[in-house]
Amino acid sequence: MKIETKIARLPDRMTAAEYRKAVTAAPKRANKYGAKRIEADGYTFDSLGEKARYDSLKLMVAGKAISDLSVHPRFPLRVVDEPIAEIELDFAYTERGQRVVEDFKGVLTRVFRMKRKHFLAQYKHIELRVINRQGALVPVRTRSVRKVAA
C-alpha cells in the first residue's frame with residue numbers, strides 16, 4: 001500500500017524571483033489567541049479590541065480629557081545601564097499632567113508579566129494600565145514579602 005504525500009517538491013535550483021514567489025505564497029499562520037489584525041489611521045492593531053480602545057482614546061483626545069496620544073510606544077528595559085529587552089505597549093498619553101501608558105491584553109502571558117514588573121521598577125514616574133477584553137483595568141498583583149524572624 002502506497003501513501004501519497006501532498007508535500008510540494010521544490011526544484012534543486014530556482015531563480016530569486018521563483019524563490020520569493022514560493023516564500024510569499026505560503027499561507028499566514030493564524031494568531032495563537034484568535035486575534036485578528038486590523039489597520040486604521042496608518043497603524044496596525046493586533047486585535048479588534050485594541051482598535052476599539054484606540055477609537056475611545058481618540059474621542060477622549062477630542063474631548064480634551066487626555067493629550068499627547070501616541071500609538072505603540074517602545075521603552076528599553078535595562079539592568080545596570082545595559083539594555084536587556086524592550087517593551088512595546090499599545091498607547092501612551094498624558095492625563096491630568098501624569099504620563100500614562102496602556103496595554104490592551106486578551107491574555108496575560110508570562111513574558112508580559114515579567115516585562116510589566118521590570119517596567120514598573122524602572123519607570124516609576126509613568127503609570128502602567130493593562131486593559132482586558134471587557135475594557136476593565138487589570139490589577140497589578142505583587143507577591144507579598146514574608147518577614148523573616150530575626
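Before the pocket, a word on classes: Ala, Val, Leu, Ile, Met, Phe, Trp, Tyr, Cys and Pro count as nonpolar, Asp, Glu, Lys and Arg as charged, and the others, Gly among them, as polar. This is a predicted model, where local features need pLDDT of at least 70, side-chain atom pairs count only at pLDDT 80 or more, and totals for chains, interfaces and linings use all residues. Residues are numbered from 1 along each chain as its sequence is written, and side-chain values use heavy atoms, without hydrogens or water.

Now the cores. The largest nonpolar core holds 13 residues. Such a core is a set of buried Ala, Val, Leu, Ile, Met, Phe, Trp, Tyr and Cys residues joined through side-chain atoms within 4.5 Å. Buried means under 20% relative accessible area, exposed over 50%, partly exposed in between, with a 1.4 Å probe and protein chains only. Phe75, Ile87 and Leu89 are among those with the most contacts inside this core. Leu89 touches residues including His72, Val101 and Phe119, not counting residues up to four places away in sequence. Contact means heavy atoms within 4.5 Å.

Next, Val138. Is Val138 buried or exposed? Val138 counts as buried because its relative accessibility is 17%. Leaving aside neighbours within four places in sequence, Val138 contacts Leu108, Val130, Ile131 and Asn132. Val138 and Phe104 are 34 residues apart along the chain, and their C-alpha atoms are separated by 9.7 Å.

Back to those classes. The lining of the largest pocket has eight nonpolar, eight polar and nine charged residues. A pocket is an open set of points on a 1 Å grid over the protein atoms alone, where a 1.4 Å probe fits, with protein on both sides within 12 Å along at least five of seven lines; lining residues have an atom within 4 Å of a point.
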